[in-house]
Structure formats: structure tokens, C-alpha cells
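The exercises below are meant to be worked with the sequence and the model side by side. Please attempt each task before reading the solution that follows it.

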Amino acid sequence: MDAIYSVQEELKKGRGLTKVKAVHNPNYRRHGTKSYVHLLHKYKFEPTKDGPYAWSERIKQKGLVPENLKAALGGRVNHERILIKKTSSDPGAKHGEITAEDTQNDLLYLCKVSIGTPAQSLMLDFDTGSADLWKIEYGDGSSASGDCGTDTLSLGGLEVKKQTVETAKKMSDQFVSNTGDGLLGLAFSTINTVQDGDEADPQATPVENLIKQDAIPKEAALFTSALYSSRDGDTSKSFYTFGFIDQDLVNQSGEEIFWVEIDNTDGFWSFSSESASVNGESIPTSSNTAIADTGTTLALMSDEVVDALYAQIPDATYDWSNQGYIFPITTTVDDLPEFKVAVGEKEFLIQKEDLAFAPTDDGKSWYGGVQSRGLLPFDILGDTFLKSVYAIWDQGNVRFGVVPKIEKTQNLTPPPAPEGGKGGGKGDATTRVTSVTLAAADLINPDTVPL
């Protein structure tokens with residue numbers, strides 16, 4: 001690693017590279033069920049544990065619609081898959097389509113980037129589960145449509161020339177209501193959603209463009225993420241880097257970086273994850289894989305692993321109305337088990353406090369940070385896991401590196417209840433904070449973050 005660090009240090013000094021600070025979205029309020037519904041939309045998996053939300057099919061017919069009729073005449077009949085919400089657990093219960101109130105984007109962290117000349121500052125969600133910059137259409141149900149162009153993108157001192165930017169002209173209500181200005185996808189371009197007419201025309205992601213343009217050496221063709229909880233003593237520490245690894249943070253871990261090979265066939269940061277453990281008791285998960293996704297707040301794992309985890313938390317129970325595992329709000333850190341997840345052949349501890357994701361609407365329980373992946377064939381390790389490690393996303397060498405990053409100052413104090421007594425993405429602030437205000441604030445200026 002010394003040779004790699006040397007190349008990165010030279011690049012950092014020569015280009016004036018800085019950390020890109022990731023600030024907590026002040027308008028984001030955690031809500032377990034809404035985050036789970038967001039993932040149902042994004043990854044379109046079938047739930048295996050019953051609850052209000054499920055997939056259904058309806059007939060969609062294209063044809064002429066006379067003014068006095070409510071249906072199309074003629075045309076082609078297609079079946080459309082939609083997500084529905086049931087009113088109760090009764091087999092014959094009524095149901096309807098979900099609305100914007102049933103889900104929320106997982107915009108927990110926002111990062112300041114510059115696009116264009118002269119530079120325009122934008123607050124974007126860095127998402128390793130997507131490969132688009134800004135929006136055309138996204139799998140989580142909050143969509144936008146528009147045109148594509150190319151421009152210069154600045155990321156922590158690195159300039160990406162001719163980066164495809166998808167400029168939204170038409171957006172869903174859910175997308176408009178977000179604090180951020182869009183997202184920056186950091187997965188692989190095979191899942192980029194740009195189209196030329198009816199044909200797929202995937203565009204390169206920023207790091208892929210840096211590699212194609214020979215703008216950075218192979219040793220620096222990477223980015224890193226260090227995410228911290230809002231319950232940490234210092235909430236301003238989260239950051240990304242592009243082109244270099246924070247050696248101090250690696251050294252603080254007391255361990256060498258553990259690397260695992262990435263399979264990017266499906267466009268994700270996918271790797272082998274064949275075990276988990278609860279209080280030292282191993283749960284083999286032969287042939288299992290996982291993806292690391294900064295655009296997801298929860299961690300989704302197999303029912304076998306999830307059931308074993310909550311069996312070790314006193315009074316934890318699966319709750320139909322929340323469509324997930326919950327446990328008492330009075331639970332202490334000592335009540336929570338040590339839960340480890342494998343990255344390659346090595347298991348990493350998830351910070352105990354991050355097993356408690358968000359209070360339920362009645363304020364009596366925690367919605368768990370680890371939930372069922374349903375019939376999805378792989379685990380999703382979102383922020384619940386990523387906050388416990390310093391992650392190195394080495395695109396040039398197609399590998400993923402981690403060292404532990406466990407905080408000592410976290411706690412299980414519930415956040416203040418929002419107005420009206422229910423959670424749901426309205427944020428902690430009485431007045432919503434705009435992305436313009438965030439981008440102008442000194443507290444997110446990357447130059448103020450110590451290297």
C-alpha cells in the first residue's frame with residue numbers, strides 16, 4: 001500500500017484535492033416503514049414477510065378514450081406491476097395504490113459539487129446503487145424526465161470533463177419535495193438509464209470518465225466514504241474522497257484494509273458475503289452475495305439472518321403494520337447483541353446503536369435497522385452497515401476495501417417527535433432548509449474539512 005499511498009499523496013498535493021463533506025439533510029426524518037417501501041420500489045423485490053405493502057398486477061390497455069368512457073377502446077393489453085397498500089391483514093382486505101405519503105427517498109446525506117463554467121453549486125445524494133447523474137428515471141418511484149447534456153463536474157478538486165448530466169424538466173411531487181438537487185450515481189454504467197429514443201444508451205459515471213480520460217493514475221481511480229450517525233457526538237464528520245484514501249482514518253482503525261473482489265456484472269458493488277454472526281454464533285450463508293449501497297439507509301438480509309438477529313433482542317417482534325421487526329424504545333445498548341456481517345471472508349461489526357433505525361409512529365418502539373430482503377437474491381448493505389466502516393470503492397482495480405470505524409459516543413436517545421406526533425420525512429427543522437441555503441453554508445465548504 002505504501003506505493004499506492006505515495007502516488008495518491010502526489011496527486012492530492014498537485015491537484016489540491018480535498019474531502020467532500022457529506023452533511024446530514026436537515027429536512028430528512030427517519031421513518032422505518034417508508035424507507036422499506038422506498039427499497040421495494042428501488043429494487044422491486046417480493047416481500048416474504050407479510051405487511052401492508054405488496055406487489056400486484058393490473059391490466060393496462062392502450063387505445064382511444066372517448067370522452068364519455070372511462071376506459072380505452074382497442075389497442076394493446078399489457079399487464080402492469082404496481083405496489084399496493086392493504087388496509088388490514090385480513091385476506092379479503094381492501095387495497096389501493098401507494099402514494100407519496102407512503103414512501104420517502106433515502107436522502108440522509110447530501111454533498112456539495114460544482115457543475116459547469118462558471119461553476120454552479122449543487123447538493124447531491126451520492127448513491128453507489130445508481131449510475132445516473134441527476135435524474136431521468138429512478139427505480140424508487142420518485143422520477144423525473146428531461147434532456148441530457150455534457151458539462152464539467154468538480155469533485156473535491158478533480159475535474160471530470162464532458163460528464164453526462166441528466167437535466168430534469170418534469171418531476172414527480174416526491175422528487176420536487178426533496179432538499180437535494182438530485183443524485184450522483186457511483187455504481188457502474190451498465191445500469192445507467194440514459195436512452196437515445198427507445199434504445200438504451202448508458203453513459204459513463206464520473207469515476208469511469210476519469211479513468212477513460214486518463215485524468216488520474218490507476219492507483220487513484222477510486223473514491224472513499226466515511227459516514228457517521230446523526231447520534232454521534234460530532235455530526236459534521238461524514239465525508240467522501242475522490243482520488244485518495246484517508247490514511248489517518250485507516251491508521252486509527254488499527255487494521256490493514258481488507259479487500260474483496262467486486263463482481264460488477266449487474267452494475268452494482270457486489271461481493272461475496274457467506275456468513276453473519278450474532279453474539280459469536282455463526283450463521284452460514286453459503287454462496288450468498290451482498291451489494292454496498294450508500295443510497296440505502298437500511299440493511300436488507302435473508303430471513304434466516306434477520307430472524308436470528310431479533311431473536312437475541314429482548315421483546316423484539318415482527319410487526320405487520322410496520323412491515324418489519326421492532327423492539328422496545330426502552331432497550332439499552334447492553335440489551336443489543338453483537339452483530340457481524342461478512343465482506344468476503346472477514347466479518348465486520350455493525351455498531352450496536354445502528355440496529356435501532358427510527359422510532360415507530362407511536363413512539364413506543366424502534367424500527368430495526370436490519371430487515372428482510374424478501375425474495376431478492378442478494379443482501380443490501382446500506383448506511384446501517386456503512387456507518388460502521390471506512391469504505392474504499394476502488395473502481396480502477398474493481399475491488400472493495402473496508403476497515404472498521406466504530407464510534408464510542410453514540411447513544412440510543414430517540415430523536416425529538418415531529419409536529420403531529422408521527423415520523424415521515426418532514427425533517428427536524430420547523431422551517432424547511434433549501435439546497436441553496438445548504439450549499440452556501442460554511443459548514444459544508446470542503447476546504448474547511450481537515451485532511
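**Exercise 1. A strand and its two faces**

Which residues of strand S16 (residues 275–278) lie on one side and which on the other, and are they buried or exposed?

Solution. Bear in mind throughout that this is a predicted model. Start from the general pattern: in a regular strand, side chains alternate between the two faces of the sheet. In strand S16, Ser275 and Ser277 are on one side, while Ala276 and Val278 are on the other. These four residues are all buried, so that both faces of S16 are covered, where buried stands for a relative accessible area under 20%.

Next, look for the pairing partners of the strand. S16 pairs in the antiparallel sense with strand S17 (residues 281–284) over four bridges, and Ala276 stands opposite Ile283 in S17. The link between S16 and S17 is a hairpin with two residues between the strands, and Asn279 in this turn has a positive phi of about 50°. S16 also pairs in the antiparallel sense with strand S22 (residues 339–343), here over three bridges, and Val278 stands opposite Phe339 in S22.

**Exercise 2. The nonpolar cores**

Which residues touch the most other members of the largest nonpolar core?

Solution. The general expectation is that in soluble globular proteins nonpolar side chains tend to be buried together. The largest nonpolar core here has 93 residues, and those touching the most other members are Phe126, Phe242, Phe339 and Phe400. Helix H2 (residues 32–43) gives this core its largest share, five residues. Apart from this core lies another one of twelve residues, among them Tyr228, Phe239, Leu249 and Val250.

Now take Phe400 and list its surroundings, leaving out residues up to four places away in sequence. Phe400 touches aromatic residues including Phe258, Trp259, Phe271 and Trp393, and its other contacts include Val260, Ile262, Ala292, Val343, Leu386, Ala391 and Ile392. For the protein chain as a whole, residues 24 or more positions apart account for 70% of the contacts with a separation of 6 or more, and 54% of its 451 residues count as buried.

**Exercise 3. An open sheet and a residue in it**

In what order do the strands of the open sheet containing S20 follow one another?

Solution. The four strands of this open sheet run in the order S20-S21-S25-S24, with antiparallel pairing. Strand S20 (317–319) and strand S24 (356–359) are the edge strands, each of which pairs on one side only. From one strand to the next, the twist averages 45°.

Continue with the pair at one end of this order: S24 and strand S25 (residues 365–368) are joined in the antiparallel sense over three bridges, and Pro359 has Trp366 in S25 as its bridge partner. Ser365 belongs to strand S25 and is buried, with a relative accessible area of 12%. With neighbours within four places in sequence set aside, the contacts of Ser365 include Ile326, Phe327 and Pro328, and also Ala358 and Pro359.

**Exercise 4. Two positive phi values**

Gln323 and Asp214 can be compared in three steps: backbone angle, location and accessibility. Is Gln323 buried or exposed?

Solution. First, the angle: phi of Gln323 is near 50°, a positive value in a residue other than glycine, and phi of Asp214 is likewise near 50°. Second, the location: Gln323 lies in the loop between S20 and strand S21 (324–328), whereas Asp214 is in the loop between helix H4 (206–212) and strand S12 (222–226). Third, the accessibility: Gln323 is buried, with a relative accessible area of 2%, whereas Asp214 is exposed, with a relative accessible area of 67%.

**Exercise 5. A histidine and a cis peptide bond**

How far apart are His24 and Ser229 in sequence and in space?

Solution. His24 is placed in strand S1 (residues 20–24), and it counts as buried because its relative accessibility is 18%, under the 20% limit. His24 and Ser229 are 205 residues apart in sequence, but their C-alpha atoms are 8.8 Å apart in space. A polar atom of the His24 side chain lies 3.1 Å from the backbone oxygen of Tyr228.

As a last step, find the cis peptide bond that joins Thr117 and Pro118, with omega of about -5°. Pro118 is found in the loop between strand S5 (109–115) and strand S6 (120–127).

How values were computed. Residues numbered from 1 in each chain as written. Predicted model: local features only at pLDDT ≥ 70, side-chain atom pairs only at ≥ 80, totals over all residues. Heavy atoms only, no water. Pairing = 2+ DSSP bridges. Axes fitted to C-alpha atoms, helices over the stretch in contact; angles between N-to-C directions. Buried < 20%, exposed > 50% of the residue type's maximum accessible area, 1.4 Å probe, protein only. Polar contact = N/O pair within 3.5 Å; in protein donor to acceptor, adjacent residues only side chain to side chain. Contact = heavy atoms within 4.5 Å. Core = buried A, V, L, I, M, F, W, Y, C linked by side-chain atoms within 4.5 Å.
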